[in-house]
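I opened this notebook to keep track of what I looked up, entry by entry. I begin with empty space inside the protein and then turn to helix packing and the backbone.

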Amino acid sequence: MLFSVRDIDILRLLYWCQNIRPDDLNSISTETERANLIALGLIKLHEKSNTLTITANGKAFLYVVLEGAVPNLTISYREEIIERRIRLSQIVLTAYFAGVDTFTTTASGMAGRASLFLTAITRGRGRNPWGSSRAGAIAHLGGVYYSTHYVCPGIGRMAVNDELAAFHNHTNFGKGTQRAFIFAGSTYADVIEELKVRNEKKDTKLIRYGEAYCGLTDPIHLLSCDKTGSLQLQIMSVPNYREKLARLMLKDAYQPPPEDVPAWDGLFNGSPFVIGVDMNLRRIDAAIKIAKARGCQPILLAALHGQGDAILLSRYKDTGRAKVYTVTEGVLAKLLDRPPSLYKPPRTQYLTGKGDVIDAPLIQTAGKTGGSHRK
């Protein structure tokens, strides 16, 4: 059996995420392809959680294939940890379909490309450099570093000072480093539902995400873990995407925004034009507030189709605060320099860095040489 790019990517995703629901992998591989990996003893179904996970043999095999360029993760079958892994796998898959490099092993190696680093990779190595931080990943998109959290109703509390300290310590790349937050969930609505919970009086430094949403000064972007979210990440991976989109959409009618209004991205016939595809709702709210004060409501808001249906139409259009426009595929193609589509691994043969193909006999070799690798 020769291994395809799909096969190796399934193994890598399960190595990095550790637990993924089978249905979440349907866009990457077929049940038959995964059944072959199970028959080879490389992956298995964890029946209690109904998730796929990589086996010890699969880890040893991948360690050989990738020449050791894999994370050293701690194994645990505690229910709450598996639940956290499943949630984080949704973020990883959303980034993976966006073409983001999700197979990083260090936060310092993310510069220069769109990438995602899971904090779990360094949480289990003796001293925990992340402390009590709840960040699931650090994303690098378009030159900005994002502390990425999974947020849903009842997710719990965070210690803001610890979050900021850990985030800055792991992205300490110079004075000009740009930082922001991503609050991701199964849907935009799920994230917003948790953000509505505020003003809880507790004698503790731990606060709900809704209170952190109000108090953090860094930009905060919402993300749905689905196709719309993947397209959002593709756009955010383009440096200076807001101005580029505004110019592409308005063409010759584009006028730059006033220098004292950073929440606007342009003017169209005197009306404020705002790019909302990155789902920074606080920035949109600020743009509307300024437009109201200057007597130029409603603003013109550009968004993806799925974002309008999910949140933006009811929040802004139906209230008369904005006219919502959908970013067309033609505009996205110009921004991305290619047709807007999600990444799907090919069925072609996987080639190693040396240009070799991978076949089943290597599994036996991995079993013999992988003993020193922690499993």
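**Entry 1: the cavity**

I looked for enclosed space first, and the structure holds one cavity of 30 Å³ or more. I keep in mind throughout that this is a predicted model. The largest cavity contains about 50 Å³ of space. I then asked which residues line the largest cavity. I found Ile91, Ala95, Val100, Ser115, Leu116, Ala139, Leu141, Thr148, Ile182, Leu223 and Leu233 in that lining. Two or more of the lining residues come from each of α4 (79–97), β3 (115–118) and β4 (137–141). Sorted by class, the lining of the largest cavity has nine nonpolar and two polar residues, with no charged ones.

**Entry 2: the pocket**

I next turned to open space, where the largest pocket has a volume of about 370 Å³. Its lining is made up of 21 residues, and Val144, Gln178, Asn240, Tyr241 and Arg242 are the ones that lie nearest the centre of the pocket. When I looked up the elements behind this lining, I noted that β5 (144–150), β7 (178–185) and α10 each supply at least two residues. By class, I noted eleven nonpolar, five polar and five charged residues in the lining of the largest pocket.

**Entry 3: helix α10 against helix α13**

Since α10 had come up at the pocket, I followed this helix to a packing partner. Helix α10 (residues 241–250) packs with helix α13 (residues 329–336) at an angle of about 135°, and their axes are 10 Å apart. How are the two helices therefore set, oblique or roughly antiparallel? Roughly antiparallel is kept for angles over 145 degrees, so α10 and α13 are oblique to each other. I also noted that α10 passes α13 in a right-handed crossing. On the α10 side the contact is made by Tyr241, Lys244, Leu245, Leu248 and Met249, and on the α13 side by Val331, Lys334 and Leu335. This contact has six nonpolar and two charged residues, and no polar ones. Tyr241 thus appears twice in my notes, among the residues nearest the centre of the largest pocket and in the contact of α10 with α13.

**Entry 4: two backbone details**

I went on to the backbone, keeping in mind that most residues other than glycine have a negative phi, and most peptide bonds are trans. Gln297 and Pro298 are joined by a cis peptide bond, with omega about -5°. I placed Pro298 in the loop between α11 (281–293) and β12 (299–303). Asn269, although not a glycine, has a positive phi of about 55°, and I found Asn269 in the loop between β10 (266–268) and β11 (271–275).

Methods
Residues numbered from 1 in each chain as written. Predicted model: local features only at pLDDT ≥ 70, side-chain atom pairs only at ≥ 80, totals over all residues. Heavy atoms only, no water. Axes fitted to C-alpha atoms, helices over the stretch in contact; angles between N-to-C directions. Helix = DSSP H or I, 4+ residues; strand = E, 2+ residues; numbered from the N terminus. Parallel < 35°, antiparallel > 145°, perpendicular 65-115°, else oblique. Left-handed = near helix turned anticlockwise from the far one by under 90°. Contact = heavy atoms within 4.5 Å. Nonpolar A, V, L, I, M, F, W, Y, C, P; charged D, E, K, R; others polar. 1 Å grid on protein atoms, 1.4 Å probe; cavity = no way out; pocket = protein on both sides within 12 Å on 5 of 7 lines; lining within 4 Å. Points joined across faces, edges and corners; volume = space filled by probe spheres on them.
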